[in-house]
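Visitor: I should like a close look at one part of this model, the second largest pocket. Please then set that part in its wider context.

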Amino acid sequence: MREFVIPKNAIEEQAAIHIAAPPERVAAVYRDVEHWGDTFPATIQSARVIKTGNNWKEVDVTHKQEGRVPNTLIDLSPTEIGLWESKKKFNAGFLNRFERTANGETHYVVHAYIRPKGIYKLIRPFLVGYVHRQALKQVKGYVLEPLKVAVEKQLASQTNMK
């Protein structure tokens, strides 16, 4: 079993979106690593699972700009998923919570924990505001909105097939 431990000294940010689908469905689309290139087309070229454990998967992700980036996906519950990624300038952890709303849809919340590396670690105090803005912008534009589009598109195509 792997846990999702919030790192000390991380720069934290959070963002959320409403998705018109049940939380289990949204979480399932997020967990479908082999389709991340379709789900997150602006940033991910491809992704594949290279190793699995009891509640985790090591994922080889090819980002369009960053190249190959190792990720670890951790299943914490049916509606809570941790993700760790290690990029050139920072390590990041993302706690993804898929919360059920009163009408059975999803309030999707991403908690981001960013830890600068190398020289960026040394100048961390000067980067906090910038990292907050960039994390919020990127989580919204590259994770929340694309996942919403993918899930709702999938549901619409299934409805049209009936």
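Guide: A pocket is an open set of points, on a 1 Å grid over the protein atoms alone, where a 1.4 Å probe fits, with protein on both sides within 12 Å along at least five of seven lines; lining residues have an atom within 4 Å of a point. Its volume is the space filled by probe spheres set on the points, which are joined across faces, edges and corners. The model is predicted, so that local features need pLDDT of at least 70 and side-chain atom pairs pLDDT 80 or more, whereas totals for chains, interfaces and linings use all residues. Residues are numbered from 1 along each chain as its sequence is written, and side-chain values use heavy atoms, without hydrogens or water.

The second largest pocket holds about 220 Å³ of space. Its lining begins in sequence with V29, D32, H35, D38, T39 and P41, and continues with P146, V149, A150, K153 and Q154. Two elements, α2 (36-39) and α4, each contribute at least two of these residues; helices (H or I, at least four residues) and strands (E, at least two) are DSSP runs, numbered from the N terminus. The largest share belongs to α4, with five residues. By chemical class, the lining comprises five nonpolar, three polar and three charged residues, where Ala, Val, Leu, Ile, Met, Phe, Trp, Tyr, Cys and Pro count as nonpolar, Asp, Glu, Lys and Arg as charged, and the others, Gly among them, as polar.

The largest pocket offers a point of reference, with about 980 Å³ of space. Its lining is made up of 33 residues, and E85, K87, F90, F94 and Q138 are those nearest its centre. The elements giving two or more residues to that lining are β3, β5, β6, β7 and α4. Here too α4 provides the largest share, nine residues. The lining of the largest pocket contains 20 nonpolar, seven polar and six charged residues.

Helix α4 also carries V143. With 22% relative accessibility, V143 is classed as partly exposed, a category that lies between buried (under 20% relative accessible area) and exposed (over 50%), for a 1.4 Å probe and protein chains only. Beyond residues up to four places away in sequence, V143 touches F40, Y108, V110 and Q138. Although V143 and A15 are 128 residues apart along the chain, their C-alpha atoms are separated by 9.9 Å. A further set of contacts (heavy atoms within 4.5 Å) centres on Y30. Apart from neighbours within four places in sequence, Y30 meets W36, F40, L73, I81, L83, N96, F98, Y108 and L147. F40 and Y108 are thus listed among the partners of Y30 and among those of V143.

The wider setting is a protein chain with four helices and seven strands. Along the sequence these elements run in the pattern β-α-α-β-β-β-β-β-β-α-α. The C-alpha atoms occupy a box of roughly 55 × 35 × 30 Å, taken along the principal axes. Of the 162 residues, 39% count as buried. Of the contacts between residues at least 6 apart in sequence, 53% link residues at least 24 apart.
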